[in-house]
Amino acid sequence: MFFNKYKEKSDGAIRYYDMKSLKTKILSIAIFILCLLILIVCLFPSVWVFLASFKDISEFRKDATILPSTFNFQKYVDTWNNLKFVRYYINSTIVVIGGTLCSVTFNGLLAYVLAIIKPKGHKIILGLVMWSLLIPATTSIVALFVNINKVGLNGSFLPLWLVFGANAFYVILFKNFFEGLPKELIEAAKLDGCGELQIFLRVILPLSRPIVMVVVIFTVTAAWSDFLLPYLVLNGTQKETIMVKLFAYHSSNKVNAVDMLRAVAFSIIPPIILFTIFQKQITDGATAGAVKE
């Protein structure tokens with residue numbers, strides 16, 4: 001029954017006619033078991049957080065079992081209200097929306113210039129973009145923070161948005177995808193009188209929905225889970241994101257371990273839901289943006 005599913009496969013490393021070999025069958029079962037073990041290892045921390053968060057503090061400290069004695073969702077409601085998570089969800093959502101718009105617009109425009117317009121010196125710009133991939137983001141955080149303070153943007157969402165508008169990885173994804181688009185459509189748009197910006201907005205972006213979706217999902221996940229720059233820019237204001245507030249809760253003595261677990265659960269629910277819904281678009285779009293035809 002396990003091997004009957006291979007009848008529907010027409011490509012891939014292991015196909016149905018390969019299953020006639022006993023060695024291939026054993027190998028496929030071993031790969032399946034290995035993937036299952038990796039899945040368990042990856043899911044266990046999140047599952048443990050959710051299960052442990054249903055315990056009270058005494059049960060959490062004394063009982064070593066994974067499953068709680070009761071599943072009382074009122075505890076989640078109380079933690080949500082006591083820690084005032086609504087405000088921080090709204091702040092994180094603002095960061096996510098602004099960062100996503102900047103990410104698609106600015107990275108897409110630069111990729112459009114490098115892939116379609118190709119002005120003089122575009123190879124130098126492309127080289128700098130590729131070179132910037134070698135530099136860890138944390139190495140420039142001090143200079144970035146100093147400049148944010150100098151221009152008076154500390155305590156504002158704007159620097160967090162602009163950071164996602166200058167991402168070399170997203171530029172390369174967009175560029176590789178744009179280079180695979182039909183040039184005839186772009187020429188036809190020029191003959192109809194469209195300018196470069198109109199071509200980008202009305203022709204390129206609609207044709208690039210797969211890679212746009214990938215960049216959007218990557219940006220949403222990164223913006224939601226980002227900590228260091230929001231902590232430096234927004235700490236001590238009313239605009240703190242969920243990750244910044246989690247650190248504040250962890251540093252204080254007012255929140256016990258179980259409440260902290262529930263707060264962590266609140267913070268990881270949106271990315272889990274996002275990936276569960278759009279996992280096919282993530283894998284398909286990333287492949288489409290990384291491979292040139």
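Which residues make a nonpolar surface patch of about 800 Å²? Ile 29, Phe 32, Ile 33, Leu 36, Leu 37, Leu 39, Ile 40, Leu 43 and Val 47 do. Keep in mind as you look around that this is a predicted model.

## The greasy patch and helix 1

Take Ile 40 from that patch. You'll find Ile 40 in helix 1, which covers residues 22-52. With 48% relative accessibility, Ile 40 counts as partly exposed, because that class runs between the 20% limit for buried and the 50% limit for exposed.

As for spacing along a helix, an α-helix has 3.6 residues a turn, so residues three or four places apart point the same way. Have a look at the patch members with that in mind: Ile 29, Ile 33, Leu 36, Ile 40, Leu 43 and Val 47 are among them.

## Membrane annotation

The UniProt record, an unreviewed entry, puts the feature "transmembrane region" at residues 26-51, 88-117, 124-146, 158-178, 199-224 and 260-278. In the model, residues 26-51 are 100% helix and 0% strand, and their end C-alpha atoms sit 36 Å apart. Residues 88-117 are likewise 100% helix with 0% strand, and there the end C-alpha atoms are 42 Å apart.

## The turn from helix 4 to helix 5

Lys 118 sits in the loop between helix 4 (85-117) and helix 5 (122-132). Its phi is near 50 degrees, a positive value in a residue other than glycine. For context, most residues other than glycine have a negative phi. Lys 118 is partly exposed, at 43% relative accessibility.

Now for His 122, which lies in helix 5. Is His 122 buried or exposed? His 122 counts as buried because its relative accessibility is 18%, under the 20% cut-off. A polar atom of the His 122 side chain lies 2.9 Å from the backbone oxygen of Pro 119.

## Helix 8, mostly covered

Helix 8 spans residues 168-178, and 10 of its 11 residues are buried. The buried set isn't just greasy names: Lys 175 and Asn 176 are in there, along with others including Tyr 170, Leu 173 and Phe 178.

At the start of helix 8, a side-chain oxygen of Asn 167 comes to within 3.0 Å of the backbone nitrogen of Phe 169.

## The largest nonpolar core

The largest nonpolar core has 33 residues, and Phe 85, Ile 242, Leu 246 and Tyr 249 touch the most other members. Elements giving two or more residues to this core include helix 1, helix 4, helix 11 (209-225) and helix 13 (242-251). Which helix gives the most? That's helix 14, with 6 residues.

How values were computed:
Residues numbered from 1 in each chain as written. Predicted model: local features only at pLDDT ≥ 70, side-chain atom pairs only at ≥ 80, totals over all residues. Heavy atoms only, no water. UniProt positions renumbered as here; feature names shortened; annotations may be inferred. Helix = DSSP H or I, 4+ residues; strand = E, 2+ residues; numbered from the N terminus. Patch = residues over 30% accessible without salt bridge, like charges linked within 9 Å, V, L, I, M, F, W, Y side chains within 5 Å. Areas by Shrake-Rupley, 256 points an atom, 1.4 Å probe, with all protein chains shown as cover. Salt bridge = Lys/Arg side-chain N within 4 Å of Asp/Glu carboxyl O. Buried < 20%, exposed > 50% of the residue type's maximum accessible area, 1.4 Å probe, protein only. Polar contact = N/O pair within 3.5 Å; in protein donor to acceptor, adjacent residues only side chain to side chain. Core = buried A, V, L, I, M, F, W, Y, C linked by side-chain atoms within 4.5 Å.
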